[in-house]
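Hi,

Here is the structure I promised to pass on. Have a look at it first, and my notes follow underneath.

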Amino acid sequence: MKQRRLIWTAVFGLLWYFFSFTTLFLNKYILSEKNVDPRFLAVSQMLLTTTVGFVQIGIPTLLMGIHDSNRYSRKFLRNMIFVGLMRFVTVVLGLVSLKAVAASFVETVKSSAPLFTVAASWILIGEKTGLLVNMSLLPIMSGLALCSATELSFNLVGFVAAFSNNIIDCVQNVYSKKLLSDDITTVSANELQFYTSLSATCLQIPLWVLTEMALPKWTDFPLLLIDGISFHLQSVTAYCLMNLISPVTHSVANTVKRGLLIWLSVVTFGNQVSLLSWIGTSLVIAGVLALILGKIPRPSGA
């Protein structure tokens, strides 16, 4: 049983890595080369992942006549709307930052996510951190400052969007993990993906009504379809992996993924990265790994 769980963890981890890169590559290409509005791309991604989720979850439920009162309780709907709102906001902020600055810089900023988790834990639940955790914050902040100061494509809007995305994404991940682990709600990864996508899509309706978004060319829609499918699979595999491993292990996997995405984005997009920027990126990743190690509980006898 343990070996089978390990195999599934490896499978979902590799798939998560793969679809994260394909989504990053397609997003950057669509925004930079095709000049698609970030808001339209966000709407199309959520609309497609909701449609695919309905095929997976909604249609079988309707055909089999399954009715679960917990699925329509106020608490359940409130949770789905809350996570859906955060998903929508993080998608928009992520696309805005990706359009404004280089993909490698966006991933460097995102790799500092555990820093915000520590801060949120201290502010919200009063969790104290050890010396190693506190010391790890210095290279993270120094690395981010160095990357920001030496980034050739630095843009304040892009930096603020990526920075804000980090904060909201941390809250979303913690809350999603809580819902997946809750014996009362008993939400599966596919259900969480579908219901939060549905609520995010509904929340996007005012965006269509109140703002004017330029529609992309018809020739771009096949690319948007592929991008939406990749985004859906990235989200599903992320939730599946989150359901199998601990938050600490997930943070390690996410940090390694960010490091790979930074390197792959530089190779793929040909971004010019200075030596100081590479040093800053290394400081961020090293600081995050030190932070994670500091958060691992030590045996009482040690």
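A search of the whole structure, which is a predicted model, turns up 11 aromatic pairs. One of them joins Phe18 and Phe19: the ring centres sit 5.2 Å apart and the planes meet at 75 degrees, so this pair counts as edge-to-face. The two partners are covered to unlike degrees. Phe19 is buried, at a relative accessible area of 15%, whereas Phe18 is partly exposed, at 49%. There is also an aromatic cluster made up of Phe54, Phe76, Phe194 and Tyr195.

Tyr195 comes up again when you look at the nonpolar cores, but let me begin with the largest of those. It holds 26 residues, and Leu41, Val91 and Leu95 are the ones that touch the most other members. Which elements give two or more residues to this core? They are α1 (2-32), α2 (38-64), α3 (74-100), α4 (103-110), α7 (156-181) and α10 (221-244). If you want one residue to click on, try Val91: setting aside neighbours within four places in sequence, Val91 is in contact with Ala42, Gln45, Met46 and Phe231. A second core, separate from that one, has 23 residues, including Leu180, Tyr195, Ala238 and Tyr239. As general background, nonpolar side chains tend to be buried together in soluble globular proteins.

Another spot to visit is Gly280, in helix α12 (residues 275-295). Is Gly280 buried or exposed? Gly280 has 0% relative accessibility, so it counts as buried. Its C-alpha atom is 8.5 Å from that of Pro139, although the two residues are 141 apart along the chain.

Now for the chain as a whole. How many helices and strands does the secondary structure come to? The tally is 12 helices and zero strands, so to speak a run of α after α when you read along the sequence. The chain has 302 residues, and 47% of them are buried. Contacts reach a long way along the sequence: taking those between residues at least 6 apart, 89% join residues at least 24 apart. As for the outside, the accessible surface comes to about 15700 Å², and carbon and sulfur atoms account for 71% of that.

If you only have a minute, I'd start with the Phe18 and Phe19 pair, then go to Val91 in the largest nonpolar core, and finish at Gly280 in helix α12.

Cheers

Notes:
Residues are numbered from 1 along each chain as its sequence is written. This is a predicted model: local features need pLDDT of at least 70, side-chain atom pairs count only at pLDDT 80 or more; totals for chains, interfaces and linings use all residues. Side-chain values use heavy atoms; hydrogens and water are left out. Helices (H or I, at least four residues) and strands (E, at least two) are DSSP runs, numbered from the N terminus. Buried means under 20% relative accessible area, exposed over 50%, partly exposed in between (1.4 Å probe, protein chains only). Contact means heavy atoms within 4.5 Å. Accessible areas come from the Shrake-Rupley method with a 1.4 Å probe; for residues, only the protein chains shown count as cover. Rings of Phe, Tyr and Trp (its six-membered ring) pair if their centres lie within 6.5 Å; planes under 30 degrees apart count as stacked, over 60 as edge-to-face and the rest as tilted. A nonpolar core is a set of buried Ala, Val, Leu, Ile, Met, Phe, Trp, Tyr and Cys residues joined through side-chain atoms within 4.5 Å.
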